[in-house]
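User: I'm new to reading protein models and would like a close look at one salt bridge and the parts around it. Could you walk me through that in plain language?

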Amino acid sequence: MEILNITPTGWAAIAVALSMAVLAGMMFILGKERVHYVWGVFCVAVAVWGGAFYIVTLANNPETAQFWWKIAFVGLILNPFTFFHFVLEFINNEQTNRIKLHILIPLYIVAAAFLFINLTTNLIIDGVTFLFGEVYYNTPPGKLHPYFMTIFIGLVFYAHYLVYREYKKRREDKLFRQRVSYF
């Protein structure tokens, strides 16, 4: 069922893009700490993904869809790296400060490499297929897509593990525990 010639998938993408763009704006305007700005960058990455995916839902040929999938993947590639960076800023303890010092720059170099590969080759998105009578999906995946997804899942799970571990350690820190509950 389409409303205004926009599919339900398109509406979902619009909702994600707009809500994350608003949240990013709030973080950049109202934020006072580094953690706010890093969260803002994460929100921008999600907004890019959502906005470009919305355009994918409008594509009427595979070439246009594949181009916009590559743009969507710019946001998607940045998601796990900026999310992991946010978690390190959020926790902000001695151990995460060591991780930030030694791991963030190499991780962002990996992200930049994936971005370059995504935009210049078909190693991440090799093609698109029209599925469910609604939208072109990025199938088949490129040869490097499984490696990116492994890093994506690994960083997100590790970030959640760090938050969980810190939550268990800081039993007396009510403010931190409340922030984690919002998290």
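Analyst: Let's start with the pair itself: R34 forms a salt bridge with E89, and their closest N and O atoms are 3.6 Å apart. To count as a salt bridge, a side-chain nitrogen of Lys or Arg has to be within 4 Å of a carboxyl oxygen of Asp or Glu. R34 sits in helix 2 and E89 in helix 3, so this pair ties together parts that are 55 residues apart in sequence. The helices here are DSSP runs (H or I, at least four residues), strands are runs of E with at least two, and both are numbered from the N terminus.

Before going on, keep in mind that this is a predicted model: local features need pLDDT of at least 70, side-chain atom pairs count only at pLDDT 80 or more, and totals for chains, interfaces and linings use all residues. Residues are numbered from 1 along each chain as its sequence is written, and side-chain values use heavy atoms, with hydrogens and water left out.

Now, how covered are the two partners? R34 is exposed, with a relative accessible area of 55%, while E89 counts as buried at 8%. Here buried means under 20% relative accessible area, exposed means over 50%, and partly exposed is in between (1.4 Å probe, protein chains only).

E89 has another partner too: its side chain meets that of K100 in a salt bridge (3.4 Å, N to O). K100 lies in helix 4 and E89 in helix 3, so this pair ties together parts that are eleven residues apart in sequence. K100 is buried, just like E89. Put the pieces together and you get R34, E89 and K100 linked in a network of salt bridges. As a rule, side chains of opposite charge can pair when their charged atoms come close.

The structure holds four salt bridges. Another of them joins the side chains of R170 and D173 (3.7 Å, N to O). R170 counts as buried at 19% relative accessibility, whereas D173 is partly exposed at 29%.

Back to helix 3, the home of E89. Helix 3 has 30 residues and reaches 43 Å from its first C-alpha to its last, close to the expected 44 Å. That expected span is 1.5 Å times one less than the number of residues. Helix 3 also bends by about 35 degrees at N79, with a proline, P80, following within four residues. The bend is the angle between axes fitted to the seven residues ending at a residue and the seven starting there. Of the 30 residues in helix 3, 22 are buried, so this helix is largely enclosed by the rest of the structure.

What packs against helix 3 and helix 4? The buried residues of helix 5 do, and they pack against helix 6 (174-182) as well. Contact here means heavy atoms within 4.5 Å. Among the buried residues of helix 5 are F148, F152, L155 and R165.

Finally, look at helix 2, where R34 lies. Helix 2 (residues 34-58) gives the largest share of a nonpolar patch, four residues. The patch is formed on the surface by F28, Y37, V41, V44 and V48, with about 370 Å² of accessible area together. V48, for one, is in helix 2 and is partly exposed, with a relative accessible area of 32%.

Definitions and conventions: Patch = residues over 30% accessible without salt bridge, like charges linked within 9 Å, V, L, I, M, F, W, Y side chains within 5 Å. Areas by Shrake-Rupley, 256 points an atom, 1.4 Å probe, with all protein chains shown as cover.
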